[in-house]
Amino acid sequence: MDTIHKIGRRKTAVARVYVSEGKGNITINRRELDNYFTTPTLRYKVQQPLMLTDNEKSFDISVNVFGGGITGQAEAIRLALSRAMCELNEENRGVLKPEGLLTRDPRMVERKKFGQKKARKKFQFSKR
């Protein structure tokens with residue numbers, strides 16, 4: 001098997017995932033999964049596509065991720081891994097699609113407008 005390269009995005013985070021045969025090691029920005037994502041929720045999000053397709057110990061995964069916050073990065077990695085699992089075996093698509101793991105979340109931060117405090121919040125109007 002050759003190395004599979006997939007990209008996942010969420011908000012402003014971009015994750016590049018390289019999947020190759022191995023023993024189940026996950027490396028993110030040259031750090032172990034447990035060192036990079038300290039909370040169990042984020043670790044679960046990253047491993048979710050592997051658990052659903054029963055590939056936890058089958059592949060070594062190397063990830064380069066940048067931008068966004070820690071949650072956005074975890075969800076970007078999850079999308080890229082889901083896409084890689086579909087390329088490995090087309091039957092995985094039937095497992096991952098109902099869980100919503102193959103859909104790119106389109107929600108982005110709304111820009112701040114001129115003359116306002118934030119995107120929607122206005123300056124307080126005081127009548128004297």
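This is a short walk through one predicted model, from a helix to a pocket and then to a few single residues.

**Helix 3**

Let's begin with helix 3, which runs over residues 70–88 and so has 19 residues by the DSSP assignment. From its first C-alpha to its last it reaches 27 Å, close to the 27 Å expected at 1.5 Å a residue. Of those 19 residues, 14 are buried, so helix 3 is largely enclosed by the rest of the structure.

**The largest pocket**

Next, the pocket. The largest one holds about 190 Å³ of space. If you want to find it on screen, look for its lining: Gly24, Asn25, Ile26, Glu32, Leu33, Asp34, Gln47, Leu50, Glu56 and Lys57. Sorted by class, that lining has four charged, three polar and three nonpolar residues. Two helices each supply at least two of the lining residues, namely helix 1 (33–36) and helix 2 (40–52).

**Four buried residues**

Here are some single residues with their relative accessible areas.

| Residue | Relative accessible area | Status |
|---|---|---|
| Asn55 | 14% | buried |
| Tyr36 | 14% | buried |
| Phe37 | 0% | buried |
| Ala119 | 18% | buried |

Asn55 is found in the loop between helix 2 and strand 5 (59–66). Why does Asn55 count as buried? Its relative accessible area is 14%, and the cut-off for buried is under 20%, so Asn55 falls on the buried side. Leaving out residues up to four places away in sequence, Asn55 touches Leu50, Met85 and Asn92. One of these contacts, Leu50, also lines the largest pocket, and another, Met85, falls within the 70–88 range of helix 3.

Tyr36 and Phe37 belong together. A search of the whole structure turns up one aromatic pair. That pair is Tyr36 with Phe37, and the arrangement is edge-to-face, with 5.0 Å centre to centre and 85° between the planes. Both partners are buried: Tyr36 has 14% relative accessibility, while Phe37 has 0%.

**Ala119**

Last comes Ala119, in the segment after helix 4 (92–96). Which residues does Ala119 touch, not counting those up to four places away in sequence? They are Glu110, Arg111, Lys112 and Lys113. With 18% relative accessibility, Ala119 is under the 20% cut-off and therefore counts as buried. For a sense of distance, take Ala119 and Lys23: they sit 96 residues apart in sequence, and their C-alphas are 47 Å apart in space.

Methods:
Residues numbered from 1 in each chain as written. Predicted model: local features only at pLDDT ≥ 70, side-chain atom pairs only at ≥ 80, totals over all residues. Heavy atoms only, no water. Helix = DSSP H or I, 4+ residues; strand = E, 2+ residues; numbered from the N terminus. Expected span 1.5 Å × (residues − 1). Buried < 20%, exposed > 50% of the residue type's maximum accessible area, 1.4 Å probe, protein only. 1 Å grid on protein atoms, 1.4 Å probe; cavity = no way out; pocket = protein on both sides within 12 Å on 5 of 7 lines; lining within 4 Å. Points joined across faces, edges and corners; volume = space filled by probe spheres on them. Nonpolar A, V, L, I, M, F, W, Y, C, P; charged D, E, K, R; others polar. Contact = heavy atoms within 4.5 Å. Phe/Tyr/Trp six-rings, centres within 6.5 Å; stacked < 30°, edge-to-face > 60°.
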